[in-house]
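Trainee: Could we go through this model together, so that I learn how each description is justified?
Mentor: Gladly; ask about any term, and we will set the value against its definition.

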Amino acid sequence: MEGKRNIVVVGGGVIGCTTAYYLSRHPKFNPALHTITLLEAAPSLASGASGKAGGLLGLWAYPSCLVPLSFKLHAELAAEHGGAQKWGYRHLKCGSISATVTKQRIQQMQTLNGDTKAWERLPKQNEAAQELFASTNQPEDLDWIARDLVEGYAEMGAPGASETAQVHPYHFTTSIGELARSGGVDIRTNAKVTNIKSSASEVESVEYLDRESGETKQINDVTDVVVSAGPWTGRVLPKAKVEGLRAHSVVYEADVSAYAVFTDIELPSDFVPEHRAKMGQKRKHKGSVDPEIYARPFGEVYACGEPDKLVPLPETADQVECDEAQCDDIISYIGTVSPVLHSASIKAKQACYLPQHIRFGQESGPLIGGTSVPGIWLAAGHTCWGIQNGPGTGKLMSEFVFDGKATSANISNLDPRKFKV
Ligand SMILES: Cc1cc2nc3c(=O)[nH]c(=O)nc-3n(C[C@H](O)[C@H](O)[C@H](O)COP(=O)(O)OP(=O)(O)OC[C@H]3O[C@@H](n4cnc5c(N)ncnc54)[C@H](O)[C@@H]3O)c2cc1C
């Protein structure tokens, strides 16, 4: 541990950037002796889920061994680096609504049969989190959800906004990346890792494709590699078994009160989203739909829909396909309960892949720690809570690499070696 360290971080999403940042801030990091290189396959940082997520942070998120540390570090990072201005760090209230939308509320209607499917949930609230919702009245200042449609409102966790916060994930990730760069990290974009060479006892080199020149390049004498390639982790390190699940989202231009709202919207049985009716299509969902809607700083509202398995993970984050009709579904469903958002401009329609570990499944934690090869580390599979759990993961990875063990939290149950990685 005392000698020269040549560390390579694979991936410039929130996990790679926070890892690079905390490595560069670690007391044992000596830029005259050690090197840290972050390789990102896309042309810019935060090109995947880390730039397209909601950015919600919650003390009620999962896994509980990691969440409190990371929630605290978010507050510390914001205080130290002006996060409120730079990446919109703030506390906000969080609640859930259930609403029934009547026929009269829907302007576009068609009689339908068949062609329906049940709405699939993003695994953001695990069972423990669902129990924390307490029934109350819809708050006065939550004035952008139609009060007359809401049958129930429940607030998450302790009353007020102490247990829920948010960041703008793109600005957070890129700002932390830039702070890592100013701390001495060599960040290379368009650098797609193609091979990690190792023996059973150590790492040797990291090979990557320079997508600009088309050349294959190699970093030699590598001592440590942190694989944090999100849903592509299973391609960089197949035994990690981390893969991706696509999800669409939209961003509105709207300045509304600071609430994160989980919805459960019962639609009339013959509801057809307007864009689908125009295409002569029949209804997409049966029963209820539950998009999540977060007011965001910088005059935005973010909303995400359900995941789908229609298109496999592409080669790189800049090649992710967005199916605009799925974004229009989200807009259409939300328009039924929010007149404000119904008339708001749309700033972005987008898609990204959620990273998840196939053996852990949804509603569970990432894999963080060492692997069977000394010097190859893993930090991936953060499912719905990678923005929330980014700083904690980065801090713990820096401890693993420089101290040989994680000390800020006990995350032994996230040890990749338990899953034969
Ligand atoms: C719709 C949606 C909403 C979400 N909302 C929230 C939220 O509100 N709060 C929250 O905490 N989390 C949220 N998440 C989850 C969060 O976005 C992810 O857990 C997190 O972004 C994962 O970060 P990552 O760095 O592991 O992966 P990514 O962001 O995917 O980054 C991985 C990076 O690795 C790069 N890469 C891949 N292969 C290679 C290679 N071979 N060589 C070099 N680089 C490579 C990619 O280009 C990419 O930039 C949401 C996710 C989705 C899909």
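Trainee: In this predicted model, what makes strand 14 and strand 23 a pair, and in which sense do they run?
Mentor: Two strands count as paired if there are at least two bridges between them, and strand 14 (residues 224–227) and strand 23 (residues 376–380) are joined over three bridges, in the parallel sense. Because three bridges satisfy that cut-off, the two strands are called a pair. Within this pairing, Val226 has Trp377 in strand 23 as its bridge partner.

Trainee: Where do these strands sit in the sheet, and which strands are its edges?
Mentor: The sheet is an open one of six strands in the order 10-2-1-14-23-22, and its pairing is mixed. Its edge strands are strand 10 (186–188) and strand 22 (367–370), each of which pairs on one side only. Neighbouring strands in the sheet are turned against each other by 15° on average, with direction ignored.

Trainee: How do you know that helices pack on this sheet, and which strands do they touch?
Mentor: Contact requires heavy atoms within 4.5 Å, and helix 1 (residues 14–25) touches strand 1 (6–10), strand 2 (35–39), strand 14 and strand 23. The direction of helix 1 makes about 170° with that of strand 2; since angles over 145 degrees count as roughly antiparallel, helix 1 and strand 2 are roughly antiparallel. Helix 11 (residues 390–403) also packs on the sheet, where it touches strand 1, strand 14, strand 22 and strand 23, and its direction makes about 170° with that of strand 23.

Trainee: Why is helix 3 called roughly perpendicular to helix 11?
Mentor: The two helices pack at an angle of about 95°, with their axes 7 Å apart. Angles of 65 to 115 degrees count as roughly perpendicular, so helix 3 and helix 11 fall under that name. Where they meet, the residues of helix 3 are Leu69, Ser70, Leu73, His74 and Leu77, while helix 11 brings Gly390, Pro391, Gly392, Lys395 and Leu396.

Trainee: Which residues touch the most other members of the largest nonpolar core, and which element gives the largest share?
Mentor: This core has 44 residues, and Trp87 and Ile176 touch the most other members. The elements giving two or more residues include strand 1, strand 2, helix 3 (67–81) and helix 6 (169–182), but the largest share, seven residues, comes from helix 1. Leaving aside neighbours within four places in sequence, Trp87 is in contact with several residues, among them Leu77, Phe172, Ile176 and Phe298. There is also a second, separate core of 32 residues, which includes Ile97, Val101, Leu267 and Cys327.

Terms used. Residues numbered from 1 in each chain as written. Predicted model: local features only at pLDDT ≥ 70, side-chain atom pairs only at ≥ 80, totals over all residues. Heavy atoms only, no water. Helix = DSSP H or I, 4+ residues; strand = E, 2+ residues; numbered from the N terminus. Axes fitted to C-alpha atoms, helices over the stretch in contact; angles between N-to-C directions. Core = buried A, V, L, I, M, F, W, Y, C linked by side-chain atoms within 4.5 Å. Buried < 20%, exposed > 50% of the residue type's maximum accessible area, 1.4 Å probe, protein only. Parallel < 35°, antiparallel > 145°, perpendicular 65-115°, else oblique.
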